[in-house]
Amino acid sequence: MKKQIVVVLVLFWSFASFSQKEVPAFKSGEKLRYKMSYSGFLTAGTAVLELNEVELDGKKVFYSRGSGWTSGIIKWFFKIDDVYESYFDKDTIKPYYFKRKIDEGGYKKHRNTQFNYDTKEAYVQDFINQKDTIIAFSNVQDMMSSFYYLRTQDVKGMKKGDEIAIDMFMDSQVYPFKLRYLGKEVLKTKFGKINTLVFRPLVQSGRIFKAEESVTIWITDDANKIPIKMQADLSVGSLRAELQHYQGLVTDFNKR
């Protein structure tokens, strides 16, 4: 159960969908709040994504903060308190600085990563293990910037079964992720019936997920392209994340 919740939270930071490049998908002031539940009825936790414009080394950039924590009965036996922060370019979305500070049932990580595009090297500071590492990279996104990067991509010509690949820098390593497009669906939500695009990240089956294709994400079919629901079929039960509150969107949802 512990690893199941953690992996789904990580996937949640990492995956969204895509919008036309000529239409902005997000702006400063955007805030998304999600409710996490286990097997459809047990409250599991909350996830919040926030985006604002700030200044970094004299340059205006986007600053995104993602936080996640367990609550309800799940918190009794496994407490999560995670914070992810990313500073990235407003136009290219390339990450400059990424922070990760997590406490997951006593398992802690506190790492800061700086991306140097002149040397193509990432400088990773590990505050828990008191260790610094330099890792070579090419075209990567961090765990937070990937969420926004994918939302800027053109998806007009995608057909069912098409896949999008992205390389994500996490824990001093580069991880390849793929998203498979499944089609469109009208989803019933607390905000009404919303037109959505459905994607499925390809994950490794085994101890956590039932099969390679056990996670499904519903994305609003509008200029925002935000995840409105995610469901993961786990080895035992399922974990669901649903949008509960939003503000600062580029446009309203495309409702039926």
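Let's start with a pair of charged side chains: Arg-111 and Asp-126 form a salt bridge, and their closest N and O atoms are 3.2 Å apart. This contact joins distant parts of the chain, since Arg-111 belongs to strand β6 (residues 107-116) and Asp-126 to strand β7 (residues 121-126), 15 residues apart. Both partners, Arg-111 and Asp-126, are buried. Keep in mind as you look around that this is a predicted model.

**More charged pairs**

Side chains of opposite charge can pair when their charged atoms come close. How many salt bridges does a search of the whole structure find? The search finds six. Here are three of them, with the N to O distance for each.

| Salt bridge | N to O distance |
|---|---|
| Arg-111 and Asp-126 | 3.2 Å |
| Glu-53 and Lys-90 | 2.4 Å |
| Asp-221 and Lys-184 | 3.7 Å |

Take Glu-53 and Lys-90, whose side chains meet in a salt bridge at 2.4 Å. Glu-53 sits in strand β2 (residues 42-56), while Lys-90 is found in the loop between β4 (80-88) and β5 (95-104), so this pair links distant parts of the chain, 37 residues apart. Are these two residues buried, exposed or partly exposed? Glu-53 counts as partly exposed, because its relative accessibility is 35%. Lys-90 is partly exposed too, with a relative accessible area of 32%.

Now find Asp-221 and Lys-184, which meet in a salt bridge at 3.7 Å. Asp-221 is in the loop between β12 (215-220) and β13 (227-233), and Lys-184 is in strand β10 (residues 173-189), 37 residues away along the chain. Asp-221 has a relative accessible area of 19%, so this residue is buried, under the 20% cut-off. Lys-184, in contrast, is exposed, with a relative accessible area of 62%.

**Two residues with positive phi**

Next, let's turn to the backbone. Which residue in the loop between β4 and β5 has a positive phi? That residue is Ile-93, with a phi near 65°, even though Ile-93 is not a glycine. Ile-93 lies in the loop between β4 and β5, which is also where Lys-90 is located. With a relative accessibility of 2%, Ile-93 counts as buried.

Gln-130 is another residue to look at: its phi is positive, about 55°, although Gln-130 is not a glycine. You can find Gln-130 in the loop between β7 and β8 (131-136). Is Gln-130 buried or exposed? Gln-130 is exposed, because its relative accessible area is 67%, over the 50% cut-off.

Notes:
Residues are numbered from 1 along each chain as its sequence is written. This is a predicted model: local features need pLDDT of at least 70, side-chain atom pairs count only at pLDDT 80 or more; totals for chains, interfaces and linings use all residues. Side-chain values use heavy atoms; hydrogens and water are left out. A salt bridge is a side-chain nitrogen of Lys or Arg within 4 Å of a carboxyl oxygen of Asp or Glu. Helices (H or I, at least four residues) and strands (E, at least two) are DSSP runs, numbered from the N terminus. Buried means under 20% relative accessible area, exposed over 50%, partly exposed in between (1.4 Å probe, protein chains only).
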